[in-house]
Amino acid sequence: MNELSGVAGFMKEHELLPVTAESCTAGLIAARLADVPGAGKLLDCAFVVYSPEAKVQCLQVSPETLRNHNLTSEPVACEMALGALSNSRRANVAIANTGLADGSDLDLPAGTQCFAWAFRLDGMETPVLYAETQQFSGDRVDIRESSALYALKRVRYYYERASSSQTV
């Protein structure tokens, strides 16, 4: 909880209000934020979109992106983040996750997780977008929990990058 409290404190200090777009983590990113006292000021809304159809309908992920890339891919995570951010008028950061918690995809190892963070900061015409892929180990629960915490911990890193690019 200490790591989470640090993330929450940073987000409050910098007036970051997230929206989440979650597939593999199935709402755990939002749930971890809700574990923190004062969570009502830490989360605007959350989208849990497991199926490809839900990603298209709820987050405007392009069917072409889904055709051209694996569901567990940075391009899909990026479109999920941008879709979530555009569906929230209040949020200024979107955190997205898509991945595998098991060996259900022969092309990707279990534990592969793709993330995206999109920031809509003052003075920026378009959101700043970052993405990365990580590998986690353990059972389904371990992978999903590790992924949710990782997604939240990286907000600070990418916010600082977005903020510094704003002043350049």
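Okay, one definition before anything else: when I say buried, I mean a relative accessible area under 20%, exposed means over 50%, and partly exposed sits in between. Keep in mind that this is a predicted model.

So let's start with the aromatics. Phe 10 comes out at 5% relative accessible area, so it goes in the buried bin. What does Phe 10 pair with? Its partner is Tyr 159, and the two rings meet edge-to-face, with 5.7 Å from centre to centre and 75° between the planes. What I like here is where the two residues come from: Phe 10 belongs to helix H1, residues 2-13, while Tyr 159 belongs to helix H6, residues 140-167. That puts them 149 residues apart, so to speak, a link between distant parts of the chain. And is Tyr 159 buried or exposed? Buried, because its relative accessibility is 14%.

Right beside Tyr 159 in the numbering, there's another pair to look at. Tyr 157 and Tyr 158 are also edge-to-face, at 4.8 Å between centres and 75° between planes. Their surroundings don't match, though. Tyr 158 is buried at 5% relative accessibility, whereas Tyr 157, at 37%, counts as partly exposed. Tyr 157 also has a charge over its face: Arg 154 lies there, 4.3 Å from the ring centre.

Now zoom out a bit. The structure has 10 aromatic pairs. The residues I've mentioned so far, Phe 10, Tyr 157, Tyr 158 and Tyr 159, sit in one aromatic cluster, and that cluster also includes Phe 115, Trp 117 and Phe 119, among others.

On to the sheet. In what order do the five strands run? It goes S2-S1-S3-S4-S5, the sheet is open, and the pairing is mixed. The edge strands are S2, residues 45-48, and S5, residues 128-135; each has a single partner, so one side of each has no neighbour in the sheet. On average, neighbouring strands are turned by 15° against each other, ignoring direction.

If you want to find your way around on screen, go to S1, residues 18-22, which runs parallel to S2 and is joined to it by four bridges. One handle there is Val 19, whose bridge partner in S2 is Cys 45.

Last thing: what packs on this sheet? Helix H5, residues 74-87, does, and it touches S1, S2, S3, S4 and S5. The direction of H5 makes about 145° with that of S3, the strand at 93-99.

That's my tour, thanks.

Notes: Residues are numbered from 1 along each chain as its sequence is written. This is a predicted model: local features need pLDDT of at least 70, side-chain atom pairs count only at pLDDT 80 or more; totals for chains, interfaces and linings use all residues. Side-chain values use heavy atoms; hydrogens and water are left out. Rings of Phe, Tyr and Trp (its six-membered ring) pair if their centres lie within 6.5 Å; planes under 30 degrees apart count as stacked, over 60 as edge-to-face and the rest as tilted. Buried means under 20% relative accessible area, exposed over 50%, partly exposed in between (1.4 Å probe, protein chains only). A charge sits over a ring if NZ of Lys or CZ of Arg is within 6 Å of the ring centre and within 35 degrees of the ring normal. Two strands pair if DSSP finds at least two bridges between them. Axes are lines fitted to C-alpha atoms, for helices over the stretch in contact, and angles run from 0 to 180 degrees between N-to-C directions. Contact means heavy atoms within 4.5 Å.
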